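Biologist: I would like a close look at a single part of this model, followed outward into whatever surrounds it. Please take your time over the answer.

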Amino acid sequence: MLLDGVRNTASNRISFMGDNGITSLLILQDREMNLERIERSLESLPFERDSIQKKIAALESEIEAGKQRIKEMEVRGKAIETEMGEVENQALKYKNQQLEVKKNEEYTALTHEIELAEAKVSGLEETELKLLYDIDDARETQAKDEVEIKEKIEMESRALSRLDEKEANLKSEIDAAREAVGEAESQVEKQPLSIYRRVARGLKYPIIVPLREAKCKGCHMRVSAAVEVEARKANEITTCDNCGRIVYWDA
Ligand SMILES: [Zn+2]
């Protein structure tokens, strides 16, 4: 259907022209461009897939980093507990020693040590309490973040599935597109075809362009009067004297 449409459009466009083979060349060009579009899309798929997978990996490591931060806080909490236990034991030892000392100054010195230890314990308790609040906050934030991040991952995964679908579609199109190019090529006379192939070298599509108000629609430059006359007659394949593209008269 689509290819018929292309053929009709091409025929209508130049039905008033001489028989220089441009109609069949335009059909060939349209089909080649379609094939190229499919090939380009297929080539770009791995890059598109790779970029999505990188995004997913980055999102997953964001979740991991959050979990890691909480784990580190918990480890810090355990270290505080351990230290607190040690200081408490030390204070207990001082208290036991106090029961046995005879001298007043020794007793006073131990009292001082006990006070220091108790002050340290209460400092550690304060630090621990603050840390526990921070851990609570961090867990809450992490839970919220994870929901958001997982939604993003889900979105990217859907994009991946769409790429798979796209790939399947393109692969199913490509054989027909190649066949269509071959078929169109077989309809072009030998001479116009060889001019087309020669001109196509080093050029990007479109290789065949209309000439409007004496301007080439490929390079947008004004062509010489001779080229304009030749294109109007359409007895032969005419090329733009600036960019080398094949031009056809399109009033
Ligand atoms: Zn040109």
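Biologist: How many residues does helix α2 have, and what distance does α2 reach from its first C-alpha to its last?

Modeller: Please keep in mind throughout that this is a predicted model. Helix α2 covers residues 22-100, which makes 79 residues, and from its first C-alpha to its last it reaches 116 Å, close to the 117 Å expected at 1.5 Å a residue. Along the way there is a kink of about 35° at Leu45, shortly before the proline Pro46. The buried residues of α2 are Ile22, Thr23, Ser24, Leu25, Leu26, Ile27, Leu28, Gln29, Asp30, Arg31 and Glu32.

A second helix can be placed relative to α2 through one pair of residues. Thr111 belongs to helix α3, which spans residues 104-186, and the C-alpha atoms of Thr111 and Ala91 are separated by 9.5 Å, although the two are 20 residues apart along the chain. Thr111 counts as partly exposed because 13 C-beta neighbours lie inside 10 Å, a number that falls between the limit of 12 or fewer for exposed residues and that of 20 or more for buried ones.

The domain assignment divides the chain into domain 1, residues 35-186, and domain 2, residues 189-249. Taken over C-alpha atoms, the centres of domain 1 and domain 2 are separated by 62 Å. A single pair of residues gives another distance of this kind: Arg232 and Lys144 are 88 residues apart in sequence, and 70 Å lie between their C-alpha atoms. Arg232 sits in helix α5, residues 225-233, and is partly exposed, with 16 other C-beta atoms within 10 Å.

Turning to the strands, β4 (residues 246-249) is covered on both faces, since Ile246 and Tyr248 on one side and Val247 and Trp249 on the other are all buried. In a regular strand, side chains alternate between the two faces of the sheet. Strand β4 has two partners to describe here. With β1, residues 208-212, it runs parallel and is joined by 4 bridges, and Val247 in β4 is the bridge partner of Val209. With β3, residues 238-239, the pairing is antiparallel and extends over 2 bridges, with Thr239 finding its bridge partner in Ile246 of β4. Strands β3 and β4 form a hairpin that has 6 residues between them, and in the turn Gly244 has a positive phi of about 85°.

The loops around these strands hold some backbone details that may be worth inspecting in the viewer. Pro206 is in the loop between α4 (190-200) and β1, and the peptide bond leading to Pro206 from Tyr205 is cis, with omega near 0°. In the loop between β1 and β2 (215-216) one finds Ala214, which is not a glycine and yet has a positive phi of about 65°. His220, in the loop between β2 and α5, likewise has a positive phi of about 65° without being a glycine. The surroundings of these two residues can be described by their neighbour counts: Ala214 counts as partly exposed because it has 16 C-beta neighbours inside 10 Å, whereas His220 counts as exposed because it has 11.

Notes:
Residues are numbered from 1 along each chain as its sequence is written. This is a predicted model: local features need pLDDT of at least 70, side-chain atom pairs count only at pLDDT 80 or more; totals for chains, interfaces and linings use all residues. The expected span of a helix is 1.5 Å times one less than its number of residues. The bend at a residue is the angle between axes fitted to the seven residues ending there and the seven starting there. Domain bounds come from an automatic or database domain assignment. Two strands pair if DSSP finds at least two bridges between them.
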